[in-house]
Amino acid sequence: MPTRARARRSRLRTGLSATVLTAAALGGLLQPAQAAGDPGPGNGPKSHDKGLQRQLDALVAQEDGPPGVIALLTRGDRTEVYTAGVGDIATGRPPHPDDHMRIASIAKAFSGAVALQLVDQGLLSLDDTIGERLPDQPEAWHAVTLRQLLQHTSGLPDFSTAPRFLEILNADPRHVFDPRTLLDFVADEPLLFAPGSLYEYSNSDNIAVALMAEAVTDRRYEDLLKELVYRPLGLHRTSLPLGYRLPRPYLHGYDVQPPAEPEDISEALGASGVWASGGIVSTPKELGTFIRAYGGPSMLSAQTRKEQLTFRPGDSSEPAGPGTNAAGLALFQYTTRCGVLYGHTGNFPGYTQLAATTPDGTRSLTFSINTQTSKSNKPALLARLRTVQENFVCALLKGH
């Protein structure tokens, strides 16, 4: 294998391993910036805030910045679309609101949407335990409750850090895992801490949530998503694939490490190894629709929503969202200098995501870049990203 190809393969493997953990060392690229307006009435370029556009342009222009970015600000039935850079380096096409993309850990909010609706239906309780609903799981985990899984206070060891899991993934990034056996990679490990005593973001939590949902309904998690989330919200471009291919058209995701040429890793690995914790594919437009429903008051009963919005101060999503973070049930509170939003973030090789809504569900922001950043991967880029995101939040909250 040529030296350059071997180096690129090595970088990709490193990124894949770290994604399912938390984040990888992926880079950015200097690209020409472009603005795009939603073609809907009154949403053309004239409605654009030039200051916000300059911030996106600057983010893309950074040497370690993303090749492209797309942000959707929705207020009621009006959406403003901001883009900079490109969604596909090969064609120069800018990002588009209907582009498919990997939403990474925002998939965890979808698992919350399924589980909490089952709570409303009386099929699940937040106090149900792994022992009651998933008795075949390790006895040491049996006291963990659904509430603790949704809030990342379960203490479950993270399967995506397991040496055997990483060995398989590194050998074949497109390996198709049986998602219902992912927890087997850590079945011999004890809890990391007493359930409910600490917070630790874990991919295992939402796998267990999906398995509990399947256990009480005798339905596949994918079918529960369709029945409880996609169809009621009209999400026609949102799915949970197990393979590596993305539906067309899609926002291309890149590993960019200057001075090397950017590497398109959009379809470099499959989604089966993250499943309910990070495998969903959606679009910027549909992501906004989802977060307004899940973070707003329309999806859940008042009683269940009260539980959903019981936040733990200081506990952050991965990567951290704008402002000060606090953790609820598969939802985070972002307290910015301009006000509060509820939402979720995510990162995956080639993508970093934010979806957030006002508490009344009438306004939302989705913010997507096509490279990966997290607290352990390009923290300076993440800091700049969070600053720009907070400025977009302020525009969302102040605009009419």
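A residue counts as buried when its relative accessible area is under 20%. By that criterion, both faces of strand 1 are covered in this predicted model: G68, I70, L72 and T74 are buried on one side, and V69, A71, L73 and R75 on the other. Strand 1 belongs to an open sheet of 8 strands with antiparallel pairing, in the order 2-1-12-11-10-9-8-7.

**Sheet edges and packing**
- Strand 2 (78-85) and strand 7 (312-313) stand at the edges with a single partner strand each, so one side of each has no neighbour in the sheet.
- Helix 2 (residues 50-61) packs on the sheet and touches strand 1 (68-75), strand 2 and strand 12 (363-369).
- The direction of helix 2 makes about 35 degrees with that of strand 2.

**Strand 1 and its partners**
- In a regular strand, side chains alternate between the two faces of the sheet.
- In strand 1, 8 of 8 residues are buried.
- Strand 1 runs antiparallel to strand 2, to which 8 bridges join it; R75 has R78 of strand 2 as its bridge partner.
- These two strands form a hairpin with 2 residues between them, and G76 in the turn has a positive phi of about 65 degrees.
- Strand 12 is also antiparallel to strand 1, through 7 bridges, with S368 opposite I70.

**Strands 9 and 10**
- Strand 9 (residues 332-336) and strand 10 (residues 339-348) run antiparallel and are joined by 5 bridges.
- Q333 stands opposite Y342 of strand 10.

**Helix 9**
- Helix 9 (residues 284-295) has 12 residues and reaches 16 Å from first to last C-alpha, close to the 16 Å expected at 1.5 Å a residue.
- Helix 9 is mostly covered, with 10 of its 12 residues buried, including P284, L287, F290, R292 and Y294.

Conventions:
Residues numbered from 1 in each chain as written. Predicted model: local features only at pLDDT ≥ 70, side-chain atom pairs only at ≥ 80, totals over all residues. Heavy atoms only, no water. Pairing = 2+ DSSP bridges. Helix = DSSP H or I, 4+ residues; strand = E, 2+ residues; numbered from the N terminus. Contact = heavy atoms within 4.5 Å. Axes fitted to C-alpha atoms, helices over the stretch in contact; angles between N-to-C directions. Expected span 1.5 Å × (residues − 1). Buried < 20%, exposed > 50% of the residue type's maximum accessible area, 1.4 Å probe, protein only.
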